[in-house]
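The following exchange sets computed values against the definitions behind them.

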Amino acid sequence: MGRLLAVIIGLPVSVAIVALAVANRRPVTLSLDPFSPDTPVISVTVPLFAVIFGALILGLVIGGLVTWARQGRYRRAARRARRDLAEAEVRHEAQMATATALPAVVRR
């Protein structure tokens, strides 16, 4: 079911991405110098689709890093909980070992 859904969604998205790249393949000058727009010191000429895809990828990376950073406290809490659970299991095993080592008390 998941693979079928991925094909149903992925195929039209892939076709749209290819169509975007083909329709926007003319070169544009990307200037990184805001002070002299007529003769930029730092500029590069690339196809428009490369600028669009580059901005999309950069946005995804920045968004992922921000999300990862904001979830740090939850990862820290999960590590602490796993550590506490492991310590509790060790204590429980030790108590069970000492309880079975003691002789049974017979009550009358």
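Q: What makes the packing of helix 1 and helix 2 describable by an angle and a distance, and which values apply?
A: Two packed helices are described by the angle between their axes and the distance between the axes. In this predicted model, where local features need pLDDT of at least 70, side-chain atom pairs count only at pLDDT 80 or more, and totals for chains, interfaces and linings use all residues, helix 1 and helix 2 (residues 48–70) pack at about 135 degrees with axes 7 Å apart. Residues are numbered from 1 along each chain as its sequence is written, and side-chain values use heavy atoms, leaving out hydrogens and water. Axes are lines fitted to C-alpha atoms, for helices over the stretch in contact, and angles run from 0 to 180 degrees between N-to-C directions.

Q: Why are helix 1 and helix 2 called oblique?
A: Angles under 35 degrees count as roughly parallel, over 145 as roughly antiparallel, 65 to 115 as roughly perpendicular and the rest as oblique. Helix 1 and helix 2 are therefore oblique to each other.

Q: Which residues make the contact of helix 1 with helix 2?
A: Ile 17, Leu 20 and Ala 21 of helix 1 meet Phe 49, Ile 52 and Phe 53 of helix 2, contact meaning heavy atoms within 4.5 Å.

Q: Why is the chain called more spread out than a compact globule?
A: The chain has a radius of gyration, taken over C-alpha atoms, of 30 Å, well over the 13 Å that the globule rule (2.2 Å times the number of residues to the power 0.38) gives for 108 residues, so the chain is more spread out than a compact globule. Its C-alpha atoms fill a box of roughly 100 × 45 × 15 Å along the principal axes.

Methods
Helices (H or I, at least four residues) and strands (E, at least two) are DSSP runs, numbered from the N terminus.
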